[in-house]
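Have the sequence and the 3D view side by side before reading on. The text below goes from one place in the structure to the next, so find each residue as it is named.

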Amino acid sequence: MAGEMTYEQKVAEFKARIDAGDKIEGGDWMPDEYRQAALKFIEMHANSEVMGALPEGTWIPRAPTLKRKLSLTAKVQDEVGHGQILYRVAEDLGKTREQMFDDLVNGRTKFHNVFHYPADTWGDVAYIGWLIDGAALVNQKALLDASYMPYVRAMRRICPEESLHLRHGEELVLELVSGTPEQRELFQDAVNRWWQPTMHFFGPPSKKKDMLLYWGIKTRTNESLRQEFFSTYVPKLWDLGISVPDDRLAWNEEKGEWDWSEPDWDEFWKVVRGDGPMTHVRLSKRKAVWDTHAWIREVFAGIPDAA
Amino acid sequence: MPVWEVLGKRKAGDEFELVGGIKAPDVEMALVLARETHFRHKEGVGYAVRRRGDHELHVGSYGGDVLGGVTDHSYRRQEAYTGVGARQKRISAEFAKRGVTIDRPRPPVRTGG
C-alpha cells in the first residue's frame, strides 16, 4: 500500500515508473527533488520565451515589408503565448505565475543566454528565426518524450509553432544570401557574432549525474543535442557559402561526430548569471511593464467568479 | 483564480482531448483564453474548457470554419512557407555551380530541419 511505504520506497517506485517510460501527471505524487527540478527547468523555459520575444519585437516597426511585419508580429505573439502556456504548467508544480514573473524581472531567476544579446540588424532577425529557433527546436523535440506529461502537452503545442518560425527564419536567410553582396554580408556578420552564443545555448557538456536526465525531465545530453544541431544546420550553411567562426568544425568520420572548438565558457557563465550585454535593458523593460500594469492584473483577478 | 483544463478536437469525429490549461475568473473568459492560446493556428475544429475538479464541459461556440480566424492569417501557418525547402535546395545547387559553397567534411547523410 502506498500509504505504508517509506519516502525512500515511494521515490524508488517513482523512479521505476520513469525508467519504464511512464508519464507523470500534475496530480501524481512526486519526490520533492523531481518537483523542484521540473519547476526550475520549466520556469526557465517560460522566462526564455517571454524574454526571447524582445530582441525580435524591437524589429517589428522596422520590418522591411508588410509581409515581414505580419509574420514577425505573429512569431513574437507565439513566443509570448509559449511563455503563458509554460508558466501555467510550472504553476502546478508549486509556484505562482506572479512570483515567477516577479523573480524574473528582479533578476532572481534565469533565462536563456541567447536572449541577453543585442539584435542589431535584420541579419540578426534572420539568424534568430532560423538558427536560434532551430537550436530551440532541436531541444524541444527531445522534450516531447519527457517524463512530465503536462510539459509534454505544452511541447506538442509549441513544437509545431517553432517549426513554423524556423521556416520563417529560413526564408529570411535565403532572401539575404541570394541577394546583394551587402545582404549576404549582413547575414554572414550575424553568424559571426551569434555563433558562440549558439554554442553556449546547448550548455556545457552534461554532468555525469544530471538530475534533469536522471528524472527524465530532459531526455538527451547537451552534447548530443549540439551534435544534432551541427548535422542539421552546418551543411546547409556551407551549401549557402556561409562560414561559421570555428576553424576546427568538421565531421570526424572515424569518431562519427563533429569536432568543434569549445567556446569561452566564462562568457557563458557571466551571461547566465545576469551580466550579458542586454540583460539589464531587457529586464528593466519587462519590469517597467510589470510594475505599471499591476492594476490590470488586479482588475482581472477581481472579476467575480461567475462559473 | 480558477484553473481550467483546455480540451480540443483535432478533426471532426474526434473525442475531446486534453491539450493544456489556463487560468480565468469565469467560463466566458476561460473560453476566450483557451481559443487564443491553443487554437490560434487552426489546430482543431472544436474546443472546450472544464474547470479543474469539475466534470461539466463547456464547449466553445467557434466551429472549425472560424476557429483560428476567418481573414487571411496564412502567415501564422506552415502553408505560407510551402516551397522554402525546395528554394533552399535550388539556391544551394546554384551556389555549387558558382563555386560559392564551402567544402568541409560533413556527415554522409544529411538530416532534415
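V299(A) is a place to begin, and it lies in helix 12 of chain A. The model shown here is a predicted one. Is V299(A) buried or exposed? Its relative accessible area is 53%, and because exposed means over 50%, V299(A) counts as exposed. Together with W295(A) and I296(A), V299(A) makes a nonpolar surface patch of about 330 Å².

Helix 12 of chain A, residues 294–301, also takes part in a pocket. This is the second largest pocket, with a volume of about 1000 Å³. It is lined by 27 residues, and those closest to its centre are Q84(A), R97(A), E98(A), W290(A) and R297(A). Both chains contribute to this lining: at least two residues each come from helix 3, helix 4 (97–105), helix 11 (279–292) and helix 12 of chain A, and likewise from strand 2 (17–23) and helix 1 (27–38) of chain B. Which element gives the most to the lining of the second largest pocket? Helix 3 of chain A does, with 7 residues. Sorted by class, the lining has 13 nonpolar, 6 polar and 8 charged residues.

Helix 3 of chain A, residues 66–91, leads on to the largest pocket, since this helix supplies at least two residues of that lining too. The largest pocket has a volume of about 1300 Å³. Of its 49 lining residues, F41(A), M44(A), H112(A), L212(A) and K218(A) are the closest to the centre. Other helices of chain A that each supply at least two residues include helix 5 (122–143), helix 6 (149–177), helix 7 (181–201) and helix 9 (222–239). The most comes from helix 2 of chain A, which gives 12 residues to the lining. How many residues of each class line the largest pocket? There are 20 nonpolar, 14 polar and 15 charged residues.

The last stop is in chain B. Helix 1 of chain B, met above in the lining of the second largest pocket, is followed by a loop that runs to strand 3 (46–51), and K42(B) is in this loop. Most residues other than glycine have a negative phi. K42(B) is not a glycine, yet its phi is positive, at about 60°. The relative accessibility of K42(B) is 34%. This value falls between the limits of 20% for buried and 50% for exposed, so K42(B) counts as partly exposed.

Terms used:
Residues are numbered from 1 along each chain as its sequence is written. Chains are lettered from A and ligands numbered from 1 in the order in which they are written. This is a predicted model: local features need pLDDT of at least 70, side-chain atom pairs count only at pLDDT 80 or more; totals for chains, interfaces and linings use all residues. Side-chain values use heavy atoms; hydrogens and water are left out. On a 1 Å grid over the protein atoms alone, a cavity is a set of points where a 1.4 Å probe fits but cannot get out, and a pocket is an open set with protein on both sides within 12 Å along at least five of seven lines; lining residues have an atom within 4 Å of a point. Grid points are joined across faces, edges and corners, and a volume is the space filled by probe spheres set on the points. Helices (H or I, at least four residues) and strands (E, at least two) are DSSP runs, numbered from the N terminus. Ala, Val, Leu, Ile, Met, Phe, Trp, Tyr, Cys and Pro count as nonpolar, Asp, Glu, Lys and Arg as charged, and the others, Gly among them, as polar. Patches are made of residues with over 30% relative accessible area and no salt bridge: like charges are joined within 9 Å, nonpolar side chains (Val, Leu, Ile, Met, Phe, Trp, Tyr) within 5 Å. Accessible areas come from the Shrake-Rupley method with a 1.4 Å probe; for residues, only the protein chains shown count as cover. A salt bridge is a side-chain nitrogen of Lys or Arg within 4 Å of a carboxyl oxygen of Asp or Glu. Buried means under 20% relative accessible area, exposed over 50%, partly exposed in between (1.4 Å probe, protein chains only).
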